[in-house]
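Here are my notes on the model you sent over. I've kept them as numbered points so you can follow along with the structure open.

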Amino acid sequence: MRDNRRADLGGGVLVSDVMTAFPAYIRLGATIRRAAEVVSVSEVGQLMVLDHDGRFVGSLSEEDLVRAMLPGFDDVTAAGGTLADAFRIFLERGRALADRVIDPLVVRDAATVRSIDELARAAIVMIDRGIRRLPVVDDGTLVGTLSRADLCRAVIYHS
């Protein structure tokens with residue numbers, strides 16, 4: 001079946017040929033603390049987010065997590081304005097937010113590709129939008145992710 005799909009799509013390399021098949025994910029309702037743990041353990045910069053039925057709903061980046069805890073300029077100046085003050089506020093905000101749910105931080109309109117899409121199409125989407133890791137979703141189900149490293153690997157093994 002794969003050869004037929006390849007012929008239908010012009011014979012190029014498919015997303016499924018190079019994607020990461022077991023992506024790091026988290027479910028809606030999880031806490032910020034749990035998201036930070038999964039990011040830390042999985043060593044990825046972006047988690048895929050699923051609902052309780054296992055359907056893909058969006059993504060959550062480590063940047064989103066850190067940004068939620070970063071103090072604003074006014075907060076830092078009010079506390080004395082030093083880097084030590086900024087770090088202390090960062091830690092305090094992290095503790096205060098740790099048990100809140102991730103739901104408001106989830107990017108729900110995330111760009112996605114299908115596993116049967118041409119890799120070139122996915123690469124263009126990633127570069128044009130500045131995306132580092134792209135969810136691969138078939139019929140609402142997360143089947144993998146495609147990273148920039150996966151694109152580099154494709155150049156090595158499929159050229």
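1. One term before we start: when I say that something covers a residue, I'm going by contact, and contact means heavy atoms within 4.5 Å. Keep in mind too that this is a predicted model.

2. The overall make-up. You'll find eight helices and five strands in the protein. Starting at the N terminus, the elements come in the order α-α-β-α-β-β-α-α-α-α-β-β-α. The chain has 159 residues, and 39% of them are buried. If you take contacts between residues at least 6 apart in sequence, 56% of them join residues at least 24 apart. The accessible surface is about 9,400 Å², and carbon and sulfur atoms account for 54% of that.

3. The three-stranded sheet. How are the strands ordered in this open sheet? The order is β1-β2-β3, with mixed pairing. β1 (25-27) and β3 (56-61) sit at the edges with a single partner strand each, so each has one side without a neighbour in the sheet. From one strand to the next, the twist averages 35°.

4. How β1 meets β2. These two strands run parallel and are joined by three bridges. Two pairs are handy for finding your way around: Y25 has M48 of β2 as its bridge partner, and I26 stands opposite V49 in β2. Together with α3, β1 and β2 make a β-α-β unit, and that unit is right-handed.

5. How β2 meets β3. Here the strands run antiparallel, with five bridges between them. L47, for instance, has L60 in β3 as its bridge partner. The two strands form a hairpin with five residues between them, and in that hairpin G54 takes a positive phi near 85°.

6. β2 itself. How many of the residues in β2 are buried? Five of its five, so to speak of β2 as mostly covered is fair, given that buried means under 20% relative accessible area. Q46, M48 and L50 point one way from the strand, while L47 and V49 point the other way, and all of them are buried. Two of these residues already came up as partners of β1: M48 pairs with Y25, and V49 is opposite I26.

7. Helix α7. Which residues of α7 are buried? They are L119, A122, V125 and M126. Looking down the axis of α7, these buried residues fall within an arc of 125°, so they line one face of the helix. The face turned away from that buried side carries A120, I124, I127 and D128, which are exposed. The cover over the buried residues of α7 includes α2, β4, β5 and α8. Just after the helix, G130 takes a positive phi of about 65°.

8. Helix α8. This helix spans residues 148-157, and its buried residues are D150, L151 and A154. Viewed down the axis of α8, they fall within an arc of 105°, so they too line one face of the helix. V155 and I156, on the other side of α8, are exposed. Among the elements covering the buried residues of α8 are α2 (15-18), α7 (119-129) and β5. α8 in turn is listed among the elements that cover the buried residues of α7.

9. Two backbone spots to look at. Most residues other than glycine have a negative phi. E43 has a positive phi of about 55° although it is not a glycine. E43 is in the loop between α3 (32-42) and β2 (46-50), and it is exposed, with a relative accessible area of 72%. D139 is the other case, with a positive phi of about 50° and, again, not a glycine. Where is D139 found? D139 lies in the loop between β4 (133-138) and β5 (141-147). At 73% relative accessibility, D139 counts as exposed, since the cut-off for exposed is over 50%.

Notes. Residues are numbered from 1 along each chain as its sequence is written. This is a predicted model: local features need pLDDT of at least 70, side-chain atom pairs count only at pLDDT 80 or more; totals for chains, interfaces and linings use all residues. Side-chain values use heavy atoms; hydrogens and water are left out. Helices (H or I, at least four residues) and strands (E, at least two) are DSSP runs, numbered from the N terminus. Buried means under 20% relative accessible area, exposed over 50%, partly exposed in between (1.4 Å probe, protein chains only). Two strands pair if DSSP finds at least two bridges between them. Axes are lines fitted to C-alpha atoms, for helices over the stretch in contact, and angles run from 0 to 180 degrees between N-to-C directions. Accessible areas come from the Shrake-Rupley method with a 1.4 Å probe; for residues, only the protein chains shown count as cover. The arc is that of the directions from the helix axis to the C-beta atoms. A crossover is right-handed if, with the strands pointing away from the viewer, the path from the first strand over the helix to the second runs clockwise.
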